[in-house]
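I opened the notebook to look up two things, the sheet and the pocket. The entries are kept in the sequence of looking.

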Amino acid sequence: MIEPPVLAARGLRAAPLLASALLGLAACAGAPALDQDTLARAIAAPHRSPANVARDPYRHPREVIEFFGIRADSVVVEILPGSSGYYMEIVAPLLKDQGRYIAAGRDAAAAPQYLADHAKLLARLAAVPQRYGKVAVTQFNAGLHDIAPAGSADFVLTFRNLHNWVERNETEGALRAFHKALKPGGILGVVDHRGRTDLSQEAQMKSGYLRQDYAVALIEKAGFRLVATSEANANPQDTKDHPAGVWTLPPTYRLKDQDRDKYRAIGESDRFTLKFEKR
């Protein structure tokens, strides 16, 4: 069940009409693609948190949003945006007039720290209804829930999550949920830490890195077709052999002050950015 943020924060269910409204939005067409000026203003908007703005040189939001092809009337589901809401605070305001942004967040089975973060997300949405009042919130946990009405989403986007699902053997369920939510020909956008090709996926599983060829094979097996790749988030300085895996690098800095300047100079991880179409 999809819930607007204020209702979700109170533990209430949304009216069934919301699902119908989402399906209607998905059927709409004709809105122009986001022009560069509109997208630039959204990225430069003063409501964005300083912590998120600091990540822009590594995450390249303009290039990524343009690569995926989001339009003003798109129905976009982001998987686990979290309370930081890096892409949410850019994309949700862009879609509030003609499209729909859906935050597929945690369910009640999540660990306490994730439930606490989900509560922060709901509070953030409810605090600024003029910006986030049309955001819908759904539950995500592998394949246990519908993240949007079946066949309603133009885009499902996931950022730096796939490696976790692979490690926990949850990939099949997650991809099934994405496939169900997307309309025919809908787009699945995936960004994750790119692993080494000279090591097996098993050998680097605990490091947080994911081989690109391994990811593509998994996703195509689930009923998607790879249509494009982008190097917007590539980082050739990432040697992918750090003592605490990908979390050695910013913004996590798992080693804290040990060699911090060294890892700051490397920047965030080397990442693949993949665009799949629902078959």
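The entries below go through the sheet and then the pocket of this predicted model.

**Entry 1, the sheet.** I looked up the strand order and found an open sheet of seven strands, running β3-β2-β1-β4-β5-β7-β6. Its pairing is mixed. I noted β3 (136-139) and β6 (224-230) as the edge strands, since each of them pairs on one side only. For the twist I read an average turn of 25° between neighbouring strands, direction ignored.

**Entry 2, the β6 edge.** I checked how β6 is held to β7 (residues 271-278): the two pair in the antiparallel sense, over six bridges. Serine 230 has threonine 273 of β7 opposite. I then looked for a helix on the sheet and found α12 (residues 212-221) packed there, in touch with β5 (182-193), β6 and β7. The direction of α12 makes about 15° with that of β7.

**Entry 3, the largest pocket.** I read a volume of about 1100 Å³ for the largest pocket. Which residues are the closest to its centre? I listed Leu80, Arg106, Arg160, Asn161 and Asn164, out of 43 that line the pocket.

**Entry 4, the lining.** I sorted the lining of the largest pocket by class and got 19 nonpolar, 13 polar and eleven charged residues. I also looked up which elements contribute: α4 (50-53), β1 (75-79), α8 (112-127) and α10 (162-167) each give at least two residues to the lining. Strand β1 thus appears in both lookups, as a member of the seven-stranded sheet and as a supplier of pocket lining.

Methods:
Residues are numbered from 1 along each chain as its sequence is written. This is a predicted model: local features need pLDDT of at least 70, side-chain atom pairs count only at pLDDT 80 or more; totals for chains, interfaces and linings use all residues. Side-chain values use heavy atoms; hydrogens and water are left out. Two strands pair if DSSP finds at least two bridges between them. Helices (H or I, at least four residues) and strands (E, at least two) are DSSP runs, numbered from the N terminus. Axes are lines fitted to C-alpha atoms, for helices over the stretch in contact, and angles run from 0 to 180 degrees between N-to-C directions. Contact means heavy atoms within 4.5 Å. On a 1 Å grid over the protein atoms alone, a cavity is a set of points where a 1.4 Å probe fits but cannot get out, and a pocket is an open set with protein on both sides within 12 Å along at least five of seven lines; lining residues have an atom within 4 Å of a point. Grid points are joined across faces, edges and corners, and a volume is the space filled by probe spheres set on the points. Ala, Val, Leu, Ile, Met, Phe, Trp, Tyr, Cys and Pro count as nonpolar, Asp, Glu, Lys and Arg as charged, and the others, Gly among them, as polar.
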